[in-house]
Amino acid sequence: MNLGAIARKTYQNLAILLAAIGLLAAPQVALAQDEVAPVEATESLAPEAITPAFEYYGPDMIKGQPTPFEEDALASMTFQEQFTANGDYALWMHDAILMPIIVVISFFVLFLLLWVVARYRKKANPVASKTSHNTLIEVVWTVIPVIILVVIAVPSISLLAKQYETPPADAITIKANGYQWYWGYEYLDNGGFEVISNMKDESASLDAGEPFQLAVDNRMVVPVGVPIRLQTFGKDVIHAFGIPSLWFKLDAVPGRINEKMLVIDEPGIYYGQCMELCGARHGYMPIAIEARPVEEFEEWVRTQPGGTVASDVVAEAEVVEDAEAEVAEDVAEELVEDAAPAV
Ligand SMILES: [Cu+2]
């Protein structure tokens, strides 16, 4: 065997070895990508890394979250406590109108059935009645259901209208982007920065005193008591942005922006989840809203990279204007001085 042949053989063996390593490693690489999306790790900076000054709420401020069955069976099956005006109204409608009407109708129908079974059984009525009309009863069973439907329709349509109310022109615009499988919050009126929010793992959640599968690394910080123009958008597939305790649910659809007004009553932490089946990790993209008084919200915005507050921008513009005016005055003075000796 000459030298050339040996080199060729070695080269072939090397190529086979490399191909084998490649084949073995490929599934590992795919699995690794499945486990942790690399985007999440790089984009979601820990809050303390970028914002040493801002103190986030602790678990004592958690207000909107589901109740475990073991803790309170009834509360676990009904609505969460509400923290918006629409939520209060909707809950009132459910508790004061819908539930009583449903209960009364159900018991009334049950009573009628039992009464008919007992009173009109064959044994008690050997000769069947031939009654086919009763004008009074026919009017009654038409008019009463109409009245019931009207009683339900009035608050129902009013709630629908409240939910579609257009936000005022000065509302703060925040855009929730749904990604497979995490959320990004874009602060369009505050410099356009985006906060990437991923679910915390079990030990990190429990260490922080927060519920696992609801706790996130970076919360969506929003102002309290002022209208928010909350927009939703799907960056890949359809997601849905849902917070039960804020009576808010809106689809996040690729190619179109949905928009709804949100006004939160009090500061606190409110948990929600993606509410549209969006893929393998749909169940692992929770939402955590941290609602803060406006001044604290603005303070938080200033700690974000590229975060601006409208009032700061106005103040800065005034400073620049003043400075420009001064320069202009100086120039004018100089011109006058320059011109004076010539006269
Ligand atoms: Cu989703």
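Two residues are in contact if their C-beta atoms, placed from the backbone, lie within 7 Å. The exercises below use this cut-off on a predicted model.

**Exercise 1. Find which residues Met220 touches, leaving out those up to four places away in sequence, and place Met220 in the core.**

Step 1. Apply the contact cut-off to Met220. Its partners are Tyr185, Val195, Ser197, Ile287, Ala288, Ile289 and Glu290.

Step 2. Turn to the core. The largest nonpolar core holds 44 residues. Met220, Val222, Leu246, Tyr270, Ile287, Ala288 and Ile289 touch the most other members.

Step 3. Put this beside the general rule. In soluble globular proteins, nonpolar side chains tend to be buried together.

Step 4. Set the scale. Of the protein's 343 residues, 21% count as buried. Among contacts with a separation of 6 or more, 67% come from residues 24 or more positions apart.

**Exercise 2. Work out the strand order of the open sheet and say which strands stand at its edges.**

Step 1. Count the elements. The protein has 9 helices and 11 strands.

Step 2. Order the sheet. Its 5 strands run β4-β3-β2-β6-β9, with mixed pairing.

Step 3. Read off the edges. β4 (194–197) and β9 (258–262) each have a single partner strand, so one side of each lacks a neighbour in the sheet.

Step 4. Add the twist. On average, neighbouring strands are turned by 25° against each other, direction ignored.

Step 5. Go through the pairs.
- β3 and β4 are antiparallel, with 4 bridges; Glu186 has Glu194 in β4 as its bridge partner.
- β2 (residues 172–179) and β3 (residues 182–187) are antiparallel, with 6 bridges; Ile174 is opposite Tyr187 in β3.
- β2 and β6 are parallel, with 7 bridges; Asn177 faces Phe233 in β6.
- β6 and β9 are antiparallel, with 5 bridges; Gln231 has Glu259 in β9 as its bridge partner.

**Exercise 3. Compare the faces of β4 with those of β6: which are covered or buried?**

Step 1. Recall the pattern. In a regular strand the side chains alternate between the two faces of the sheet.

Step 2. Sort β4. Val195 and Ser197 form the covered face. Glu194 and Ile196 form the uncovered one.

Step 3. Sort β6. Ile228, Leu230, Thr232 and Gly234 point one way, while Arg229, Gln231 and Phe233 point the other. Both sets are buried.

Step 4. Conclude. In β6 (residues 228–234), 7 of the 7 residues are buried, so the strand is largely enclosed by the rest of the structure.

**Exercise 4. Decide how the buried residues of α8 are arranged and what they pack against.**

Step 1. List them. In α8 (residues 294–303) the buried residues are Phe297, Trp300 and Val301.

Step 2. Look down the axis. The buried residues of α8 fall within an arc of 105°, so they line one face of the helix.

Step 3. Name the packing partners. These are β3, β5 (220–223) and β11 (286–292).

**Exercise 5. Classify Tyr179 as buried or exposed and locate its contacts.**

Step 1. Place the residue. Tyr179 belongs to strand β2.

Step 2. Use the burial cut-off, which is 20 or more other C-beta atoms within 10 Å. Tyr179 has 22 such neighbours, so it counts as buried.

Step 3. List contacts beyond four places in sequence. Tyr179 touches Gly184, Lys235 and Asp236.

Step 4. Check a distance. Tyr179 and Phe233 are 54 residues apart along the chain, with their C-alpha atoms 9.1 Å apart.

**Exercise 6. Locate the backbone exceptions at Trp181, Gly191, Gln213 and Trp247.**

Step 1. Start from the norm. Most residues other than glycine have a negative phi, and most peptide bonds are trans.

Step 2. Check omega. The bond from Gln180 to Trp181 is cis, with omega near -5°. Trp181 sits in the loop between β2 and β3.

Step 3. Check phi at a glycine. Gly191 has a positive phi of about 100°. Gly191 is in the turn of the β3 and β4 hairpin, which has 6 residues between its strands.

Step 4. Check phi elsewhere. Gln213 is not a glycine, yet its phi is positive, about 75°. Gln213 lies in the loop between α7 (202–207) and β5. With 16 other C-beta atoms within 10 Å, Gln213 is partly exposed.

Step 5. Repeat for Trp247. Its phi is positive too, about 50°. Trp247 lies in the loop between β7 (239–243) and β8 (248–252). With 23 other C-beta atoms within 10 Å, Trp247 is buried.

Conventions
Residues numbered from 1 in each chain as written. Predicted model: local features only at pLDDT ≥ 70, side-chain atom pairs only at ≥ 80, totals over all residues. Core = buried A, V, L, I, M, F, W, Y, C linked by C-beta atoms within 7 Å. Buried ≥ 20, exposed ≤ 12 C-beta atoms within 10 Å, placed from the backbone. Pairing = 2+ DSSP bridges. Helix = DSSP H or I, 4+ residues; strand = E, 2+ residues; numbered from the N terminus. Axes fitted to C-alpha atoms, helices over the stretch in contact; angles between N-to-C directions. Arc of directions from axis to C-beta.
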